[in-house]
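Thanks for making the time. I will go through one structure, starting with the chain as a whole and then moving to a few sites.

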Amino acid sequence: MATRIMVSASTGAMNALLGKLTTLMGEEFSKLKNLRKEVKFISDELGSMKGTLEMLGDVENLDPQTERWRDTLREMSYDIEDIIDDFMHHIGEKSKNRWFARKIARLLKEFRARYRIANRIKEIKALVLETSARRQRYKFDIPSSSDVSIDPRLATLYENAANLVGVQAPMHEIISWVNDKEKQLKVASVVGFGGLGKTTLVNEVYRSLKADFDCRAFVSVSQKPDITKLIHSLLSELRSETSSQICEFSILLNTLREYLRHKRYLIIIDDIWNADVWRVIKCFFPENGLGSRVIATTRIQDVAKACSSHHHDYILNMKPLSNEDSRRLFFSRIFGLEEACPHHLRDISLEILKKCGGLPLAIISISSMLASEGTQQKQRWEHVRDSLSSGTNLTLDGVRQILKLSYIDLPCHLKTCLLYLGMYPEDYTIERSNLERQWIAEGFITEENGQDGAEAAKKYFNEMVNRSLIQPVEFDSKGSVTRCKVHDMMLDLILHKSKKENFLTIIDDPQAITGMDYKPRRLSIRLDVGSNGRTILPRNISMSHVRTVMFFGRSQNTPPLSEFKFLRVLFFDLDHATVDLIGLCKLYQLRYLWISCFCSYQLPTQIRVLQQLQTLDLVSCSSVPSDIVYLAGLVHLNVDTWLPNGIGNLKSLQHLCRFDILVNSLYNIRSLRELTNLRYLIISCDYYAEDMDSRMDALRSSLESLCSLQCLFISLTGFIDGLVPLSPPLAPYRLERLIVSWKCRFSRVPSWMGELCNLRELQCTFCELLNDGVGILAELLFLTDLDLKVGRSIREPIIISGEGAFPALKRFKLRLSRASYLTFQAGAMPKLEMLKLMFNARAPEQNRIAPTGIEHLLALEELHAEIDCDGIRESEKSSVESGLMSAINMHRNRPRVIIDLWDNN
């Protein structure tokens with residue numbers, strides 16, 4: 001089902017504008033016949049112009065006059081929509097309220113109102129006539145555009161390590177260098193042109209070797225690094241914990257060096273652009289004589305030499321793929337195998353590959369584009385071949401030209417969504433959920449004919465991953481991407497296109513915005529320690545027409561919001577800034593507000609006027625206004641504080657995060673049952689209250705009514721057996737994820753878990769795990785991820801049956817006292833790829849350390865064991881490890897093994 005895009009990079013706000021003009025021609029305005037006639041003229045004229053804009057959007061090379069007219073028309077659509085929004089706001093337009101028509105009728109009877117409306121319509125008509133007349137004067141030639149058939153894929157395609165092409169030889173070379181007997185700290189540099197696969201290579205090295213080191217980290221640097229933030233990221237990853245506290249550089253440096261002093265560490269520093277930056281970074285790493293290794297990537301030879309300045313250091317020069325590897329990568333991406341390529345496309349494919357110059361990024365971009373179309377028409381492939389220049393010679397322009405072809409091939413809605421990624425800084429890890437909600441808030445994706453805009457956004461995101469336009473960083477249990485990045489070569493193209501389309505503007509100093517031909521529409525403001533957020537925007541340029549503002553970096557303050565009249569999206573990712581929210585309630589078009597937990601701010605006492613607001617994400621918010629319950633359009637709410645009574649009014653709510661059943665009233669807990677559109681819910685409670693039984697009863701009753709719930713996170717305290725439903729559901733549970741924190745537990749596996757027929761991921765603690773409980777979980781047909789903790793000592797064997805048990809399970813984590821009590825029968829868990837066991841090595845009555853029947857897990861690829869060896873001798877630790885390895889060696893696939901032995905020291 002097609003989704004109508006209200007706002008796009010090529011047509012601006014034209015679709016949204018035509019819809020609002022239709023409202024102006026409604027029944028009440030028909031009483032003013034002359035006015036209605038004027039509005040109809042404007043609507044007809046703009047409708048014609050819209051068709052022209054859509055045609056021009058698919059044409060790359062326009063003559064300067066036509067291009068200028070197109071840009072003027074696009075900008076005019078934004079300006080006219082702002083005029084209409086402003087007008088409707090002033091007359092109190094509320095499209096869903098019955099008194100709207102009556103209020104308009106009353107106002108139209110007033111002379112002043114008629115005069116004001118007439119002037120606004122004249123203003124709009126003058127803009128339209130001037131733009132139309134310009135086209136007639138210059139008689140623009142509008143070239144025809146080529147039609148490209150896109151077959152959108154809903155399933156995302158991901159590459160795994162086994163399918164990577166051309167990395168095995170350099171990977172083994174680096175691994176042999178890392179694994180030599182040299183005890184000194186050594187640094188390796190991987191140098192090569194952007195898009196050659198440096199990051200892919202070192203990532204595979206990192207994945208292969210990280211278990212051999214005491215600690216490890218992988219961080220990206222980028223062209224303009226914030227060194228303090230970089231060292232903070234290093235510490236967070238090394239210690240596997242997230243801290244909101246960013247200290248002074250000297251304190252962080254001392255903390256990092258002290259942490260690494262007695263550890264063998266492996267650290268990847270990706271994408272260094274400057275030798276001076278490396279001279280600072282190398283101070284991070286103490287020489288401790290333990291065989292630590294650092295691997296850096298860069299595209300600059302002098303930087304590589306600076307990183308590897310000692311005789312025992314090493315430089316690897318990345319080379320383009322060989323002809324054989326190029327073919328493997330290209331054909332596997334489109335057909336699965338080279339042999340599957342149709343004969344009539346064989347020669348054309350080789351010609352396309354020759355023009356890609358062995359550059360993996362170029363090959364992946366072109367092959368992904370062809371794969372997404374699913375066409376085997378020779379004419380289309382010839383068009384792709386002819387569109388590429390003769391060899392890239394590994395130049396920036398050459399790669400940009402190849403990526404540009406992938407961009408041109410995109411349908412209009414995907415072009416717009418892709419350009420929006422340019423709002424984020426280089427190497428920024430983008431949260432998928434944030435990005436999709438921002439697209440919706442901007443109007444790039446809308447609901448039509450009952451289609452859910454959130455589902456459409458997911459499809460668009462998957463399509464861009466499928467086309468290799470964005471790079472996955474993290475995945476959920478279903479294999480969907482949850483976080484992503486943009487390759488810097490793709491980002492270069494995005495920013496180039498965005499500037500040409502006046503789609504977004506990056507501001508890192510007050511001069512960056514001066515001299516622009518058009519009004520800024522979207523601002524990405526990059527601040528550093530020396531920036532003054534209040535003066536970053538020049539006073540002589542109006543910001544009232546800006547639709548999105550995003551802040552990144554570090555600054556003590558932010559500019560006043562009163563400057564941004566028509567803002568839709570407001571995003572603050574700043575470190576320790578004081579965010580000025582005075583004027584927030586004047587942003588009557590605001591749909592999305594996100595403020596990081598590092599910022600301090602104070603919400604206004606009333607926000608009821610923000611009736612367009614869809615997303616309110618304020619993790620560190622200490623209190624919310626009492627009228628928040630009247631935001632009827634709110635879809636996503638994330639606040640870590642109490643909510644005023646009346647949350648049952650929020651009928652549109654789909655995501656509710658951090659609902660604390662202790663601080664919220666009993667009335668609100670009962671009101672949860674009214675949020676029948678809720679899909680994602682986090683329930684929390686850190687303490688035990690006297691009336692906890694009544695609160696748990698109310699929560700249980702409410703959960704039974706949440707028929708749309710897909711993800712439930714529970715972070716309570718103590719036993720939660722009271723969450724057992726009172727009665728079977730009227731319809732099958734839709735729950736796909738049930739995550740229960742380790743602070744709370746069930747006595748045994750409750751029988752109602754067997755009714756969660758759509759469950760894909762389960763994490764929880766049971767006081768005891770008996771075989772009847774295992775049987776309940778084993779019948780969950782779609783369960784792929786299972787993470788269990790058994791609280792009490794195991795007293796009887798846990799047997800995983802081989803009779804169809806856990807048919808879909810891929811990842812299994814189990815914390816228990818004795819692994820030897822675990823038995824896998826033949827045929828058990830037929831799809832299990834990863835098994836992680838956490839157990840105790842001290843149980844004196846154990847005759848063996850390992851589970852029985854690991855060899856029956858036929859799909860097993862990795863076994864990870866975390867063994868508590870506190871109180872046992874070093875010699876006993878060796879026997880523990882060898883006992884586990886003996887069990888693993890019985891497996892025919894020889895799975896990868898990671899064994900962590902730890903004690904209180």
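What share of the 905 residues in the chain is buried? Buried residues make up 54% of them. Before going further, please keep in mind that this is a predicted model.

Some other totals for the chain. It has 24 helices and 29 strands. Its accessible surface comes to about 40,400 Å², and carbon and sulfur atoms account for 49% of that surface. On contacts: take those between residues at least 6 apart in sequence, and 63% of them join residues at least 24 apart.

The first site is Arg293. This arginine lies in strand E4, which covers residues 293–298. Is Arg293 buried or exposed? Arg293 counts as buried, because its relative accessible area is 0%, and the cut-off for buried is under 20%. What does its side chain reach? There is a polar contact with the side chain of Asp180, at 2.9 Å. The side chain of Arg293 also reaches the backbone oxygen of Glu182, at 2.7 Å. Both Asp180 and Glu182 are on the list of residues that Arg293 touches, leaving out those up to four places away in sequence. That list also includes Trp177, Phe213, Tyr265 and Ile267.

Next, the aromatic rings. The structure holds 21 aromatic pairs. One of them is formed by Tyr424 and Phe571, with 6.0 Å from centre to centre and 75° between the planes, an edge-to-face arrangement. This pair links distant parts of the chain, as its two residues are 147 residues apart. Tyr424 is in the loop between helix H17 (412–420) and strand E6 (430–431), while Phe571 is in strand E12, residues 569–575. Both rings belong to buried residues: Tyr424 has a relative accessible area of 2%, and Phe571 has 1%.

Phe571 has another partner, Phe552. Here the centres are 5.8 Å apart and the planes are at 45°, so this pair is tilted. Why tilted? The angle of 45° falls between the limits, since planes under 30 degrees apart count as stacked and over 60 as edge-to-face. Phe552 lies in strand E11 (residues 548–554) and Phe571 in strand E12, so the pair ties together parts that are 19 residues apart in sequence. Phe552 is buried as well, at a relative accessible area of 4%. Which residues do the ring pairs link into a cluster? They are Tyr424, Tyr428, Phe552, Phe571 and Trp594.

Rings also turn up under charged groups. Arg608 lies over the face of Tyr630, 4.0 Å from the ring centre. For Arg745, the charged end sits over the ring of Phe719, at 4.6 Å from its centre.

Now a histidine. His545 is in the loop between strand E10 (522–527) and E11. His545 is buried, with a relative accessible area of 16%. Which residues does His545 contact, leaving aside its neighbours within four places in sequence? They are Asp79, Asp82, Lys519, Pro520, Arg521 and Phe566.

Two backbone angles for those who check phi. Asn502 has a phi near 50°, which is positive in a residue other than glycine. This residue lies in the loop between helix H20 (488–500) and strand E9 (505–507), and Asn502 is buried at 7% relative accessible area. Met829 also has a positive phi, about 45°, and is not a glycine. Met829 is found in the loop between strand E26 (822–824) and strand E27 (834–840). Its relative accessible area is 0%, so Met829 is buried.

The last site is Lys404, in helix H16, residues 396–408. How far apart are Lys404 and Leu493, in sequence and in space? In sequence they are 89 residues apart, and in space 7.0 Å, C-alpha to C-alpha. Lys404 is partly exposed, with a relative accessible area of 27%.

To recap two items: Arg293 is buried at 0% and makes a polar contact with Asp180, and Phe571 forms ring pairs with Tyr424 and with Phe552. That is the end of my part.

Terms used: Residues numbered from 1 in each chain as written. Predicted model: local features only at pLDDT ≥ 70, side-chain atom pairs only at ≥ 80, totals over all residues. Heavy atoms only, no water. Helix = DSSP H or I, 4+ residues; strand = E, 2+ residues; numbered from the N terminus. Buried < 20%, exposed > 50% of the residue type's maximum accessible area, 1.4 Å probe, protein only. Polar contact = N/O pair within 3.5 Å; in protein donor to acceptor, adjacent residues only side chain to side chain. Contact = heavy atoms within 4.5 Å. Areas by Shrake-Rupley, 256 points an atom, 1.4 Å probe, with all protein chains shown as cover. Phe/Tyr/Trp six-rings, centres within 6.5 Å; stacked < 30°, edge-to-face > 60°. Lys NZ or Arg CZ within 6 Å of the ring centre and 35° of its normal.
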